Amino acid sequence: MTTRPTPFTLNISNAQISDLCNRLANTRLPDQTPGPKWQFGTDRSYMVDLIDYWRTSFDWRTQEAALNRFAQFKVALHGIDLHYLHIKGTGPKPTPLLLMHGWPGSVFEFLDMIPLLTDPAQFGGDPDQSFTIIAPSLPGFGLSFDPNQKRFGAYEMADCLVDLMVNVLGYDRFAVQGGDWGSFVASSIAMRHPDRLIGMHLNMLPLCPNPIAPEGATQDEAKYANEIVRWAHEETGYTWIQSTRPQTLAYGLTDSPVGLAAWIAEKFYVWTDHDGDVETAVKRDTMLANISLYWFTGAIGSSFWPYYERHHTQWTIPDESRISVPTGYAAFPAEIRRPPRSVAQKVYTNLQHWSIMPRGGHFAALEQPDALADDIKKFFNRLTT
């Protein structure tokens, strides 16, 4: 375990890559449940094609090199070796931005978006709106995982990453951005360390989903409550197993790359904005890079822990909590939950920015990197000028 930041380069061994290909070649598939494709889970015909491509055509080394083009480090913090990207902005006074992924994501989500934020002038933007990006693999995820290490919930992640920003990197105040678990961690930082934050930008609002519309609810609030009912009925199977028996599920997904790919690919299909072809929203190679990182690191079981911790304690942002840090939100139309502003501002009491985005879903940095980067710049520009 490192004791100070050490440069890191990802290099998966040829033996690991060969083992993956051998496992893919020896896959035993289930039959397809009769009925519409994807209704019962990941479609078999899609998986057959994906497995063949993964085994015969996917180039891990290309994806590995894409990640290694960015400066990466590891540092010993809170009992683990924490992995992070640290890319200095090119403008006159870059804003330090802690950029956080979620599940089943990874730092691969951000590779297209990072240059848009660190060097906006390269893309015709304003150099005064540049950011220095710090993008960690969340503790317990991907390259921030080693077997048998301790597990982290959202609060523990928040404290660890504040320690990274302040005590390791020297950023006394900084901005945060996140979706999925990244939004929970960002909001936890805002609750626990508000004085450290310039502001917070989210592309998912981690509000406790309430299926009961309050008395006197507006039409939008009633619609949202109905959406929560459908979500709870049809889309929460993964959360229940990850929240109650994560160890049991981890055996299958750690041993079978196809099981892992089917578990993750379904989320890309259901949670992205497309008209039936998920790869119009997320490129196949990018999806497989993300899945492969989970496979090579063996981190899928550890990545379930935040679900278990949340299920067995309290919702990360309790009902009585109020977050006063300046907050911006990008509302993507295919996000998994879409609370109206009137609901959000009961918790985020300093909600200064609310953008209705024309396209995109849960994996906004992958699906719409330009739009998300523009919204991040727009929000933080109003706070730093």
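Is Cys 160 buried or exposed, and what is its relative accessible area? Work through this and the other exercises on the predicted model above.

**Exercise 1. Classify two cysteines, then look for disulfides.**

Step 1. Take Cys 160. Its relative accessible area is 0%. Buried means under 20%. Therefore Cys 160 is buried.

Step 2. Take Cys 208. Its relative accessible area is 36%. Partly exposed runs between the 20% and 50% limits, so Cys 208 is partly exposed.

Step 3. Recall the bond. A disulfide is a covalent bond between the sulfur atoms of two cysteines. Now search the whole structure: zero disulfides turn up.

**Exercise 2. Describe how helices H5 and H6 pack.**

Step 1. Know what to report. Two packed helices are described by the angle between their axes and the distance between the axes.

Step 2. Find the helices. H5 covers residues 154-168 and H6 covers residues 181-192.

Step 3. Read the geometry. The angle is about 70°, and the axes lie 8 Å apart. Angles of 65 to 115 degrees count as roughly perpendicular, so H5 and H6 are roughly perpendicular to each other.

Step 4. Give the handedness. The crossing of H5 and H6 is right-handed.

Step 5. List the contact. From H5 come Ala 154, Tyr 155, Met 157, Ala 158, Asp 159, Leu 161 and Val 162. They meet Trp 181, Phe 184, Val 185, Ser 188, Ile 189, Met 191 and Arg 192 of H6. Sorted by class, this contact has 11 nonpolar, one polar and two charged residues.

**Exercise 3. Do the same for helices H1 and H2.**

Step 1. Find the helices. H1 is residues 14-25, and H2 is residues 44-56.

Step 2. Read the geometry. Their axes come within 9 Å and cross at roughly 150°. Angles over 145 degrees count as roughly antiparallel, so H1 is roughly antiparallel to H2.

Step 3. Give the handedness. H1 passes H2 in a left-handed crossing.

Step 4. List the contact. Leu 20, Cys 21, Leu 24 and Ala 25 of H1 meet Ile 51, Trp 54 and Arg 55 of H2. The classes are six nonpolar, no polar and one charged.

**Exercise 4. Place Asn 203 in the fold.**

Step 1. Locate the residue. Asn 203 sits in the loop between strand S7 (197-202) and helix H7 (219-234).

Step 2. Check exposure. With a relative accessible area of 5%, Asn 203 is buried.

Step 3. Compare sequence and space. Asn 203 and Ser 183 are 20 residues apart in sequence, and their C-alpha atoms are 7.4 Å apart.

Step 4. Look at contacts beyond four places in sequence. Asn 203 touches several residues, including Gln 177, Tyr 329, Glu 335, His 362 and Leu 372.

Notes
Residues are numbered from 1 along each chain as its sequence is written. This is a predicted model: local features need pLDDT of at least 70, side-chain atom pairs count only at pLDDT 80 or more; totals for chains, interfaces and linings use all residues. Side-chain values use heavy atoms; hydrogens and water are left out. A disulfide is a pair of cysteine sulfur atoms within 2.5 Å. Buried means under 20% relative accessible area, exposed over 50%, partly exposed in between (1.4 Å probe, protein chains only). Axes are lines fitted to C-alpha atoms, for helices over the stretch in contact, and angles run from 0 to 180 degrees between N-to-C directions. Helices (H or I, at least four residues) and strands (E, at least two) are DSSP runs, numbered from the N terminus. Angles under 35 degrees count as roughly parallel, over 145 as roughly antiparallel, 65 to 115 as roughly perpendicular and the rest as oblique. A crossing is left-handed if the near helix is turned anticlockwise from the far one by less than a right angle, and right-handed if clockwise. Contact means heavy atoms within 4.5 Å. Ala, Val, Leu, Ile, Met, Phe, Trp, Tyr, Cys and Pro count as nonpolar, Asp, Glu, Lys and Arg as charged, and the others, Gly among them, as polar.
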